[in-house]
Amino acid sequence: MSEAEQIPASASEAAASAVLDALNATDSNGTEALNATAKFVATPEGTALAYGSLVFMALLPIFFGALRSVTCSKSKNAADMPETITSRDAARFPIIASCTLFGLYLFFKVFSQEYINLLLSVYFFVLGVLALSHTMSPLMSRVFPASFPNKQYQLLFTQGSGESKEEIVNYEFDTKNLVCLLISSVVGVWYLLKKHWIANNLFGLAFALNGVELLHLNNVSTGCILLGGLFIYDVFWVFGTNVMVTVAKSFEAPIKLVFPQDLLEKGLEASNFAMLGLGDIVIPGIFIALLLRFDVSLNKNSRTYFYSSFLAYIFGLGLTIFVMHTFKHAQPALLYLVPACVGFPVIIALFKGELTEMFSNLDL
């Protein structure tokens, strides 16, 4: 969902399905007034920089998350196994997301926003540290020299004894992972104490990349069911009610990417943000990652469907921003992203004669 107001500077996944619920429950893109008497008017340069940066940041987790999803699908490490979304899950998800969204709306209406956001800050601090650590791990493996003393560790929790013993947690990690965890914890404390927009974006990018990497649609048909259902969900909750906008403004958590429109005037202390909800990144992103895995399954050394859907995402997001600024009204981004990301690859498959193969290919 996209929105064109201003938010204050102080505004502030663990199971993969829970992460996706949270992303859709608060999916938004916008800004809110600093006070009731005067609204910040962004310069054309500031607006262009903010939205250009948001588009660039949105592309990073989709591109690299899709590449990592191919490796992830072949991994035998339990810690890196993806969460597979079936057609049944996809059909139920818009209903679950709607209930979650409306539940949050009621919570913010009944209970103190301050205490709810305090609990959310602690919750997302833990998830953010784990997500950022997982994101950094492959990079750290390349940064550290071969001579680095990298010891192996194992975290094992079991239940019962003897023949009835059952593994609850079996996680293997090494010294490099501990370094990543330490760095991520520093960012987490920075976010928890300051709610700084850069710390917010580091966590947001980590959530988005992990979502695209670890949430796998099992086939294209499932992807169409999911995106079609969330297309209706997004349009209804944006145009039909004020629920999504209200929750998005009240929800202080790193489930959005932000970039200041007054960065040129105020530097890193800028306080008037353009905003893009992670739902507008992860939902199309997992479909684009699916198409990359489909490209790989064809064994043709071509990435036609991946690149076409990736370009379609850029087109759809750009169209969302254009319509939002033209009509000065919040826009459901999936209204533009879903037809673009699904339509472009389907048209190409139709012309190449691979449409049947695309929709009959299972367990990508």
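## A walk through the helices and the core

Let's start at Tyr-313, which sits in helix H11 (residues 304-327). Keep in mind as you look around that this is a predicted model. Tyr-313 has a relative accessible area of 0%, and because the cut-off for buried is under 20%, Tyr-313 counts as buried. What does Tyr-313 touch, once its neighbours within four places in sequence are set aside? Its contacts are Ala-58, Leu-59, Ile-62, Asp-280, Ile-281, Pro-284, Ile-288, Leu-337 and Cys-341. Take Ile-62 from that list: Ile-62 and Tyr-313 are 251 residues apart along the chain, yet their C-alpha atoms are separated by 9.7 Å.

From here we can step out to the core. The largest nonpolar core holds 90 residues, and Tyr-313 is among those that touch the most other members, along with Leu-54, Leu-226, Val-247, Phe-251, Ile-281 and Phe-287. Which helix gives the most to this core? That would be H10 (residues 279-298), with 12 residues. Another of the well-connected members, Leu-54, is in contact with Leu-257, Val-258, Phe-259, Ala-274, Met-275 and Leu-276, again leaving aside neighbours within four places in sequence.

Now follow H10 to one of its partners. H6 and H10 pack with their axes 8 Å apart, at an angle of about 35°, and H6 passes H10 in a right-handed crossing. On the H6 side, the contact is made by Ala-208, Gly-211 and Val-212; H10 brings Ile-281, Val-282, Gly-285, Ile-286 and Ala-289. By class, that contact of H6 with H10 comes out as 6 nonpolar, 2 polar and no charged residues. You've met Ile-281 already: it is in contact with Tyr-313.

H6 (residues 197-214) also meets H4 (residues 113-143), and here the axes come within 8 Å and cross at roughly 65°. Since 65 to 115 degrees counts as roughly perpendicular, H4 is roughly perpendicular to H6. The crossing of H4 and H6 is left-handed. H4 supplies Phe-124, Phe-125, Leu-127, Gly-128, Val-129, Ala-131, Leu-132, His-134 and Thr-135, while H6 answers with Leu-202, Phe-203, Ala-206, Phe-207, Leu-209, Asn-210, Glu-213 and Leu-214. Sorted by class, the contact of H4 with H6 has 12 nonpolar, 4 polar and 1 charged.

While you're on H4, have a look at Ser-133, which is found in this helix. Is Ser-133 buried or exposed? With a relative accessible area of 11%, Ser-133 is buried. Not counting residues up to four places away in sequence, Ser-133 touches Asn-177, Cys-180, Leu-181 and Ser-184.

The last stop is the pair H3 and H7. The axes of H3 (residues 87-110) and H7 (residues 220-240) come within 7 Å and cross at roughly 20°. Angles under 35 degrees count as roughly parallel, so that is what H3 is to H7. H3 passes H7 in a right-handed crossing. Ser-87, Ala-90, Ala-91, Phe-93, Pro-94, Ala-97, Ser-98, Leu-101 and Phe-102 in H3 meet Thr-222, Ile-225, Leu-226, Gly-229, Leu-230, Tyr-233 and Trp-237 in H7. The tally for this contact of H3 with H7 is 12 nonpolar, 4 polar and no charged residues. Leu-226 on the H7 side takes us back to the core, where Leu-226 is one of the residues that touch the most other members.

Methods: Residues are numbered from 1 along each chain as its sequence is written. This is a predicted model: local features need pLDDT of at least 70, side-chain atom pairs count only at pLDDT 80 or more; totals for chains, interfaces and linings use all residues. Side-chain values use heavy atoms; hydrogens and water are left out. A nonpolar core is a set of buried Ala, Val, Leu, Ile, Met, Phe, Trp, Tyr and Cys residues joined through side-chain atoms within 4.5 Å. Buried means under 20% relative accessible area, exposed over 50%, partly exposed in between (1.4 Å probe, protein chains only). Helices (H or I, at least four residues) and strands (E, at least two) are DSSP runs, numbered from the N terminus. Contact means heavy atoms within 4.5 Å. Axes are lines fitted to C-alpha atoms, for helices over the stretch in contact, and angles run from 0 to 180 degrees between N-to-C directions. Angles under 35 degrees count as roughly parallel, over 145 as roughly antiparallel, 65 to 115 as roughly perpendicular and the rest as oblique. A crossing is left-handed if the near helix is turned anticlockwise from the far one by less than a right angle, and right-handed if clockwise. Ala, Val, Leu, Ile, Met, Phe, Trp, Tyr, Cys and Pro count as nonpolar, Asp, Glu, Lys and Arg as charged, and the others, Gly among them, as polar.
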